[in-house]
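Biologist: Could you take me through one part of this model closely, and then show me how the neighbouring parts fit around it? I would enjoy a connected account rather than a list.

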Amino acid sequence: MHTDKFDPLIGNGSWINGRWVKSESKFPVINPATEQVVTALYEVTMEQAETAITSAEEAFRHWSQTTAQERSDILRRWYELLLTHIDALAELLTKEQGKPVGEAKAEIRYGADYIRWYSEECRRLYGETIPGPTQNKRIIVLRQPIGVTAAITPWNFPNAMIARKAAAAIAAGCTMVVKPSELTPLSALALAKLGQMAGLPDGVLQVLVGTDAEKIGEMLTTHPAIQALSFTGSTEVGRKLASRCGEHLKRVTLELGGNAPFIVFDDADLGVAVDGLMQAKFRNAGQTCICSNRVLVQDSILTPLLEKLHAKVKKLRVGDGLLEHTQIGPLIQPQACQKVAHLLDDASRKGAKITQFNETPPTHGYFCAPAIVTNVTPNMAIYREEIFGPVVAIMSFATEDEAIRLANDTQAGLAAYLYTQNPSRIWRMVDQLEYGMVGINDAAISNPAAPFGGIKASGFGREGSRHGLDEFTYLKYLSWGI
């Protein structure tokens, strides 16, 4: 069970109107590295969820009328509190999610940076004036908060995904009800408690924890008080949520699955490319939506790239994220390991060559050995599906045109990576890559100042940057006769 140092931050149930709430039943939170119970939380009831939405609606009346400076000051204190508690938050995150504690600290800093960004950006929520059609008319455009909002967040970044959604909504003057993954609810509860400590009024940020995602999601997508939903998760679930929201004319922001190509041309700096590939592939054991999923290497440099890659991958240490030496933590649950095994088996049966490293995992936990898969072809599931594991899938290409064709041969359109030293090639490729984000000789593409999001089946809308406020505001046009 959790230790005393976490008690003030996570409570034992949902966070509704500034307090923890209980119910008749509980569910366990499992450490994927040990398969042990971290703690057990009370399941939210639908009556409690209704109370949360009603409280958010009441809180919006006041919060929407606060000044930008007031919101900015509270968000800034929230940011500072995350950094003050970073050690406890990182240990908590690692226990519920599994990633190495160093990566957990990096995630908390990353999420906190979104809160800091929006503490500053909310003071720049500018409107505009437009020249009127006649001498006696003025046109003014205001940006106003949309109302009560909801967020459904995933397990792979349980701190940062909430921080970047909630910070933008709160900065805009909205209130938010969050449903975190039932696999990783503790970081969400800690965030909400720290928000209260920073000065967020009761009802501005609510967290609903429970295992009945279908029922909670139905309420968040159909309740008349909720005006917008932000979702990060699978394309399949995103389609269902968007359909429900469409029936009720709610605004939707979707950040869905990816199938990122990592393209390396023969004029790339191979050392930089392999370092970037290690970062883009193995962060969080490959469990990120912008992980490199298909590595496309120009055929003339395939052998030297593989030599460098093998040398690095065989040094990776797999284990409990709380251990200092660990570089690859567990996958989130047994089903994730089974999926990776299925993808590797399918690839092997269809002619791929598989090299696995560190194949003796710890005796407990949901661990998956890092692997390099070569001779990948488009008829393999590993080419079509998100891997979400520490597996590098590699295929070669001969020409620019072939690289573009392979890179775009997917319904996903979230992120792509491009490694080349040729400026003309960079522009040609960027113009043709069908993705919302492109890293050029760079694997660390996400930061608060940049608009994060995709196209095609990877969703729509943007998080971060000044554009992130657009998802939680609407334009009010004033036609003013004088």
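Modeller: Happy to; here is a walk that starts at helix 7 and moves outward to its surroundings, ending with the cysteines. Please keep in mind that this is a predicted model.

Helix 7 covers residues 186-198, which makes 13 residues. From the first C-alpha to the last it reaches 18 Å, close to the 18 Å expected at 1.5 Å a residue. Eleven of those 13 residues are buried, so the helix is largely enclosed by the rest of the structure. The buried set runs from L186 through S187, A188, L189, A190, L191, A192, K193, L194 and G195, with A198 completing it. K193 is therefore among the buried residues, where buried means under 20% relative accessible area. Just after the helix comes G199, which takes a positive phi of about 120 degrees.

One neighbour of helix 7 is strand 4, residues 37-42, where L41 sits. L41 has 0% relative accessibility and so counts as buried. Leaving aside residues up to four places away in sequence, L41 touches L186 and L189, along with P185. Its other contacts are G11, N12, G13, S25, K26, F27, V29 and V209. L41 can also be set against I10: the two are 31 residues apart in sequence, and their C-alpha atoms are 9.5 Å apart in space.

Helix 7 also takes part in covering helix 4, together with helix 1 (7-10), strand 3 (26-30), strand 4, helix 3 and helix 5 (101-121), among what covers its buried residues. Helix 4 spans residues 86-97, and its end C-alpha atoms are 16 Å apart, which agrees with the 16 Å that twelve residues should span at 1.5 Å a residue. Eleven of the twelve residues are buried, leaving helix 4 mostly covered. They are I86, A88, L89, A90, E91, L92, L93, T94, K95, E96 and Q97. After helix 4 comes G98, with a positive phi near 110 degrees.

Back at helix 7, there is some empty space to look at. The search of the whole structure finds two cavities of 30 Å³ or more. The largest holds about 60 Å³ of space, and helix 7 gives the largest share of its lining, three residues. The full lining is W15, G18, A192, G195, Q196, L200, P201, D202, G203, V204 and L205. By class, that lining divides into six nonpolar residues, four polar and one charged.

The second largest cavity has a volume of about 50 Å³. Here helix 6 (residues 160-172) gives the most to the lining, with three residues. Around this cavity are Y118, R164, K165, A168, S230, T253, R462, E463, G464, G468, E471 and F472. Its lining has three nonpolar, four polar and five charged residues. Among these, T253 lies in strand 11, residues 251-255. T253 is buried, with a relative accessible area of 5%. Not counting residues up to four places away in sequence, T253 touches S230, R462 and E471, as well as L229, F231, F460 and G461.

For an open site to compare with those cavities, consider the second largest pocket, which holds about 220 Å³ of space. Of the 16 residues that line this pocket, S64, R143, Q144, P145 and A172 lie nearest its centre. Helix 3 (68-84) and strand 6 (137-145) are the elements that give two or more residues to the lining, and strand 6 has the largest share, three residues. The lining of the pocket has eight nonpolar, four polar and four charged residues.

Last come the cysteines. With a cut-off of 2.5 Å between sulfur atoms, the count comes to zero disulfides. C174 is in no disulfide, and the nearest cysteine sulfur, that of C122, is 12 Å away. C174 is buried, at a relative accessible area of 0%. For C289, the closest cysteine sulfur is in C291 at 8.3 Å, too far for a bond. C289 is buried too, with a relative accessible area of 15%.

Conventions:
Residues are numbered from 1 along each chain as its sequence is written. This is a predicted model: local features need pLDDT of at least 70, side-chain atom pairs count only at pLDDT 80 or more; totals for chains, interfaces and linings use all residues. Side-chain values use heavy atoms; hydrogens and water are left out. Helices (H or I, at least four residues) and strands (E, at least two) are DSSP runs, numbered from the N terminus. The expected span of a helix is 1.5 Å times one less than its number of residues. Buried means under 20% relative accessible area, exposed over 50%, partly exposed in between (1.4 Å probe, protein chains only). On a 1 Å grid over the protein atoms alone, a cavity is a set of points where a 1.4 Å probe fits but cannot get out, and a pocket is an open set with protein on both sides within 12 Å along at least five of seven lines; lining residues have an atom within 4 Å of a point. Grid points are joined across faces, edges and corners, and a volume is the space filled by probe spheres set on the points. Ala, Val, Leu, Ile, Met, Phe, Trp, Tyr, Cys and Pro count as nonpolar, Asp, Glu, Lys and Arg as charged, and the others, Gly among them, as polar. Contact means heavy atoms within 4.5 Å.
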